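The following exercises concern the interior and the empty spaces of one protein model. Please work through each task before reading its solution.

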Amino acid sequence: ECLHFVGDPVRIGQIVSNVLSNAIKFTPDGGSVLVDCSRRADPLEISVNDSGPGLQAGEADRIFERGIRGAASKGVAGSGYGLAIAKEFVEAHGGSIEASPDALGGASFVVRLPGRVVSGSGSAARPCAQCSAHRTH
């Protein structure tokens, strides 16, 4: 159900890469990173859950700001720009991204991108009014 989503492959790749890299970076050896892709009606939903140190109170929204890093990032390399860039690309596609504490004890990230089910190469995708490269979803 996730194979037929049409969008800017470079930007969507960067979204997934930034969120997944973040989860891997903060998950200790022996920990877990779970990735799921599903459709909720038309929107594509990608979730990344990790068993890292998680988010402290009030960090869930702030970690999407440029240059902001969570408390768990002390001593961990990074610039604080990866999640901010992911959010910009998600919003350029008309979607949303959110972070919250995860049941594994770490963090949970959910990316939702609007789209439509495309069955076969002959199906028309709708143009995206928000993407600067005039891509389709």
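**Exercise 1. The largest pocket**

Which element gives the most residues to the lining of the largest pocket? The model to be examined is a predicted one.

Solution.
1. Begin with the space itself: the largest pocket holds about 370 Å³.
2. Its lining comprises 25 residues, and those closest to the centre are Asn-22, Lys-25, Phe-26, Gly-70 and Leu-83.
3. Two or more lining residues come from each of H1, H3 and E4.
4. H1 gives the most, with five residues.
5. By character, the lining divides into 10 nonpolar, 11 polar and four charged residues.

**Exercise 2. The largest cavity**

Determine which residues line the largest cavity, and how they divide into nonpolar, polar and charged.

Solution.
1. The structure has one cavity of 30 Å³ or more, and the volume of the largest cavity is about 40 Å³.
2. Its lining consists of Ile-15, Val-16, Val-19, Ile-46, Ser-47, Val-48, Phe-109 and Val-111.
3. H1, E2 and E4 each give two or more residues to this lining.
4. Seven of the lining residues are nonpolar, one is polar and none is charged.

**Exercise 3. The nonpolar core**

Identify the members of the largest nonpolar core that touch the most other members, and the elements that give two or more residues to this core.

Solution.
1. The core has 20 residues, of which Val-19, Phe-64, Ile-97, Phe-109, Val-111 and Leu-113 touch the most other members.
2. Two or more residues come from each of helix H1 (9–26), strand E2 (44–50), helix H3 (82–92), strand E3 (96–101) and strand E4 (107–113).
3. Take Leu-113 as an example: beyond its neighbours within four places in sequence, Leu-113 is in contact with Phe-5, Ile-12, Pro-43, Leu-44, Val-90, His-93 and Gly-95.
4. For H3, the buried residues are Leu-83, Ala-84, Ala-86, Phe-89 and Val-90, and they pack against H1, E3 and E4.
5. After H3 comes Gly-94, with a positive phi near 80°.

**Exercise 4. The aromatic pair**

Classify the pairing of Phe-64 with Phe-109, and explain why it ties together parts that are apart in sequence.

Solution.
1. The count of aromatic pairs is one.
2. The ring centres of Phe-64 and Phe-109 are 6.2 Å apart and their planes are at 85°; an angle over 60 degrees counts as edge-to-face, and the pair is edge-to-face.
3. Phe-64 is in the loop between helix H2 (59–62) and H3, while Phe-109 is in strand E4, so the pair ties together parts 45 residues apart in sequence.
4. Both Phe-64 and Phe-109 are buried.

Notes. Residues are numbered from 1 along each chain as its sequence is written. This is a predicted model: local features need pLDDT of at least 70, side-chain atom pairs count only at pLDDT 80 or more; totals for chains, interfaces and linings use all residues. Side-chain values use heavy atoms; hydrogens and water are left out. A nonpolar core is a set of buried Ala, Val, Leu, Ile, Met, Phe, Trp, Tyr and Cys residues joined through side-chain atoms within 4.5 Å. Buried means under 20% relative accessible area, exposed over 50%, partly exposed in between (1.4 Å probe, protein chains only). Helices (H or I, at least four residues) and strands (E, at least two) are DSSP runs, numbered from the N terminus. Contact means heavy atoms within 4.5 Å. On a 1 Å grid over the protein atoms alone, a cavity is a set of points where a 1.4 Å probe fits but cannot get out, and a pocket is an open set with protein on both sides within 12 Å along at least five of seven lines; lining residues have an atom within 4 Å of a point. Grid points are joined across faces, edges and corners, and a volume is the space filled by probe spheres set on the points. Ala, Val, Leu, Ile, Met, Phe, Trp, Tyr, Cys and Pro count as nonpolar, Asp, Glu, Lys and Arg as charged, and the others, Gly among them, as polar. Rings of Phe, Tyr and Trp (its six-membered ring) pair if their centres lie within 6.5 Å; planes under 30 degrees apart count as stacked, over 60 as edge-to-face and the rest as tilted.
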